[in-house]
Each structure stands twice: as structure tokens, then as C-alpha cells.
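Colleague: Could you take a close look at one part of this model for me, the place where two helices pack, and walk me through it?

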Amino acid sequence: MRIFDPKELPLRESELSSYGVEEIKTLCEYFGNEKCGLDVKEYDMINGWHHIWNSRPHFVNNFPNINILINIALLVPLSNANVERVFSQHKLTKTKLRNRMNVESLESHLMILLNAPNNIEDFNWNKAFDQWEKEQVRRVNQN
């Protein structure tokens, strides 16, 4: 793991291209030969790091900075598509005609639009009604 230490970098630029190759081969041999030849796009980073953490319990203590870096990498979302989708629905929901909609109504409307099933026929209306009824005391018209 010393290849991740900046102090270990070679001083000559010509040595950078071969720096760490042997160490990476050793890591591949230890943690599995099948991972050595994989394309980065095919590699499952989450399961790979779980394997390292489970097979080397002292990894976190021996390499705290790498552990922090990996935890950050695993937490950062790869895209902001969900946030963009919310803003897009918000723009479609709160129009000039609905500009006085309060925050609670807007939030409820967005939750329905963003979380509703694609096929409305599959929605369990009885379960939704039961959940709605349990949330607070309501007078339900039983006609």
C-alpha cells in the first residue's frame, strides 16, 4: 500500500510510468487474480472494498487516509439526475396559475409525482387509504 503514499513517488519523471506496477500486481494476486485484468467500468468498487475491509481488519488503522478517501468516494453520488428530476417536476408543478401553493402542498404534490408507480393500475389504493387514515384522526365519510 506504500504506492498510495505521496512521499514514495519517484523523483524522476521517467520512473512515473512504471511506478507501482509491481505493487498493484501483488495486490491483485492477494485480493484475487480475476480483478487484475478487469476494466474499471466493470469493477464493483463497493464489493471490492468490502472484501478488503473484511479480509484485512487492520486496514482502517494502518491506512486511515486511504480509508477516509474511499469512504468519501463511496458516498459521493455519481450523478445529480435525481436532484435535476425534482427541480424539473417543481418547475412543472408550481406554475403561474399555482404560484400561491404553500410549501406543504407543493411537497406533497412532488412526493406523489416522484414516487408514484409508473403503472397506476398496480397501486394499492386500500393500503394507501389505511396509511392515510392512521396518520391522524380523520372523519371518513362511509357512504
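Modeller: Sure, and bear in mind that this is a predicted model. To set the scene, the protein chain has seven helices and zero strands, so reading along the sequence gives you α-α-α-α-α-α-α. Of its 143 residues, 13% count as buried. As for contacts between residues at least 6 apart in sequence, 27% join residues at least 24 apart.

Now for the packing itself. Two packed helices are described by the angle between their axes and the distance between the axes. Here the pair is helix 2, residues 45-55, and helix 4, residues 64-75. Their axes come within 11 Å and cross at roughly 150 degrees. Anything over 145 degrees counts as roughly antiparallel, and that is why helix 2 and helix 4 get that label. The crossing of the two is left-handed. On the helix 2 side, the contact is made by Met45, Ile46, Trp49 and Trp53, while helix 4 brings in Ile66, Asn67, Ile70, Asn71, Ala73 and Leu74. Sort those by class and you get eight nonpolar residues, two polar ones and no charged ones.

If you're wondering where charged side chains do pair up, a search of the whole structure finds one salt bridge. Arg12 forms it with Glu15, with the closest N and O atoms 3.1 Å apart. Arg12 has 56% relative accessibility, so it counts as exposed, whereas Glu15, at 31%, counts as partly exposed.

Notes: Residues are numbered from 1 along each chain as its sequence is written. This is a predicted model: local features need pLDDT of at least 70, side-chain atom pairs count only at pLDDT 80 or more; totals for chains, interfaces and linings use all residues. Side-chain values use heavy atoms; hydrogens and water are left out. Axes are lines fitted to C-alpha atoms, for helices over the stretch in contact, and angles run from 0 to 180 degrees between N-to-C directions. Helices (H or I, at least four residues) and strands (E, at least two) are DSSP runs, numbered from the N terminus. Angles under 35 degrees count as roughly parallel, over 145 as roughly antiparallel, 65 to 115 as roughly perpendicular and the rest as oblique. A crossing is left-handed if the near helix is turned anticlockwise from the far one by less than a right angle, and right-handed if clockwise. Contact means heavy atoms within 4.5 Å. Ala, Val, Leu, Ile, Met, Phe, Trp, Tyr, Cys and Pro count as nonpolar, Asp, Glu, Lys and Arg as charged, and the others, Gly among them, as polar. A salt bridge is a side-chain nitrogen of Lys or Arg within 4 Å of a carboxyl oxygen of Asp or Glu. Buried means under 20% relative accessible area, exposed over 50%, partly exposed in between (1.4 Å probe, protein chains only).
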